[in-house]
Amino acid sequence: MTCTKCGADKEAGAFPPDQRNPLRGGRSSNCRTCAVTANRRQKYPKKFGITLEQYDEMLTAQGGVCAICKQPEAVSREQALAVDHDHTRNVVRAILCNRCNRALGFFRDDPALLRAAAAYLEAHA
């Protein structure tokens, strides 16, 4: 199949399901990579106040990895690293992997809780 956005020939599995498109075997006309990019281009300015280009600049400045664990996002998931932001001040902080971003959320972005968790782990290592 050929992506109508990037023009690349890819296997059918590289195209997200789209039941409204029976002529393409129930697959989207855009490959998953192009669909994800288009979604990010719309989502980032609305939700975080940054453009996709600013996201890319931040990620490049971080060496293409999570600001906490220094790991890249799993390529097989075709999912971008998450934009971490302060929910109170609505300010973008850095780019994190989904695991680290969710961990901060589970600890309610509270440094004292994170320090207590680290102390607990060190005491029980």
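This text walks through the structure from the overall fold to a few local features. The model is predicted.

Start with the layout. The protein chain holds four helices and two strands. Read from the N terminus, the order of elements is α-α-β-β-α-α. The two strands therefore sit between two pairs of helices, as the order α-α-β-β-α-α shows.

Next, the overall dimensions. The C-alpha trace of the protein chain spans about 60 × 35 × 25 Å along its principal axes. Its radius of gyration is 18 Å, whereas a compact globule of 125 residues would have one near 14 Å. Of the 125 residues in the protein chain, 26% are buried. The accessible surface amounts to about 8600 Å². Carbon and sulfur atoms account for 54% of that surface. Contacts add another view. Take those between residues at least 6 apart in sequence: 35% of them join residues at least 24 apart.

Now turn to the aromatic residues. The whole structure contains two aromatic pairs. In one pair, the rings of Tyr-44 and Tyr-55 have their centres 5.0 Å apart. Their planes meet at 35°, so this pair counts as tilted. The cut-offs make that clear: planes under 30 degrees apart would be stacked, and those over 60 edge-to-face. The Tyr-44 and Tyr-55 pair also links distant parts of the chain. Tyr-44 belongs to helix 1, residues 32-48, and Tyr-55 to helix 2. The two are 11 residues apart. Both Tyr-44 and Tyr-55 are buried. Phe-48 joins them, and the three residues form one aromatic cluster.

Another ring has a charged partner. Arg-24 lies over the face of Phe-15. The distance from the ring centre is 5.2 Å.

Finally, follow the chain beyond helix 2. This helix covers residues 52-61, and a loop runs between it and strand 1, residues 82-86. Gly-63 lies in that loop. Is Gly-63 buried or exposed? Its relative accessible area is 59%, so Gly-63 is exposed; the cut-off for exposed is over 50%. Tyr-55, in helix 2, is by contrast buried. Gly-63 can also be placed relative to Lys-5. The two residues are 58 apart in sequence. In space, 28 Å separates them, C-alpha to C-alpha.

Methods
Residues numbered from 1 in each chain as written. Predicted model: local features only at pLDDT ≥ 70, side-chain atom pairs only at ≥ 80, totals over all residues. Heavy atoms only, no water. Buried < 20%, exposed > 50% of the residue type's maximum accessible area, 1.4 Å probe, protein only. Phe/Tyr/Trp six-rings, centres within 6.5 Å; stacked < 30°, edge-to-face > 60°. Lys NZ or Arg CZ within 6 Å of the ring centre and 35° of its normal. Rg over C-alpha atoms; globule rule 2.2 N^0.38 Å. Contact = heavy atoms within 4.5 Å. Areas by Shrake-Rupley, 256 points an atom, 1.4 Å probe, with all protein chains shown as cover.
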